[in-house]
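Q: I am new to this structure and would like a short orientation. Could we go through it step by step?

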Amino acid sequence: MSAVFLVLASFLASGVEMVEALTIVLAMGVTRDWRSSLTGAAAALVTLGVIVAALGPALRLVPLDTLRLVVGGLLLVFGLQWLRKAILRASGWLALHDEREIFHREAELARTAGGARGRLDHYALLISFKGVLLEGLEVAFIVLTFGTTQGSIWLAAAGASAALVLVVAAGAAARAPLSQVPENTMKFAVGVMLTTFGTFWGGEGAGVHWPGGELALVGVLGFTIALSLALVRLLRGLHRPLGAVA
């Protein structure tokens, strides 16, 4: 049961972050230089791989209960942040995330940026590197914490890798921002999963004995979904204009 959630959460979280990173890489490639943009993205992926490979063994040295308590707390922070934005967007308090708008904004910045374009365009390289690295760090955190806590970093990495391959393939085929991806729905799902795991593992680390063991994840998941949907309905009833909440 937890293995399925592990792979799915890693896949969805990676998919959301990689769609955002892809938008930046595409903007740099279209407006500046494809070689430089792809070089920056590749360098960021290598850096992320080194981070996962270096920190993974170190996390295994931490006692499991302590690890679950700390990881549970951190996942709650991440999960509630994702869930908060997804709820606000679903209820109309925040505008939906628009990858096409982000693409045009990044492209306009790239067109007006200076810098010589020699063998490599340093602006395109650095912006692509920064975009992929920053978006990927959150994925690396999820892969490390999920994988270490469940004793299978490679299983979490498999979900993340599958998302990366899918997003890259879709981007290469479209050569345009993936604006049709239901990103808010994915963020809602990831927020729910991270919150669920954070509650479950944090409780275990604090000494809570969940009835049914890992089957309790289903109950925590159901409660989190029901509460989130109730908040969406409640906020919709307040008739707040778009963009009212930052």
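A: To begin with a term, helices (H or I, at least four residues) and strands (E, at least two) are DSSP runs, numbered from the N terminus. This is a predicted model, in which local features need pLDDT of at least 70, side-chain atom pairs count only at pLDDT 80 or more, and totals for chains, interfaces and linings use all residues. Residues are numbered from 1 along each chain as its sequence is written, and side-chain values use heavy atoms, leaving out hydrogens and water.

Q: What phi does Gly92 take, just after H3?
A: Gly92 takes a positive phi of about 95°.

Q: And how many residues has helix H3 itself?
A: Helix H3 covers residues 64–90, which is 27 residues. From first C-alpha to last it reaches 37 Å, close to the 39 Å expected, where the expected span is 1.5 Å times one less than the number of residues.

Q: Is Val70, in H3, buried or exposed?
A: Val70 is partly exposed, with a relative accessible area of 45%. Buried means under 20%, exposed over 50%, and partly exposed in between (1.4 Å probe, protein chains only). Buried residues of H3 include Leu67, Leu75 and Trp82.

Q: Changing topic, which residues touch the most other members of the largest nonpolar core?
A: They are Leu75, Val143, Phe146, Phe188, Phe197 and Trp201, in a core of 40 residues. Such a core is a set of buried Ala, Val, Leu, Ile, Met, Phe, Trp, Tyr and Cys residues joined through side-chain atoms within 4.5 Å.

Q: Which helix gives the largest share of this core?
A: H7 does, with 9 residues.
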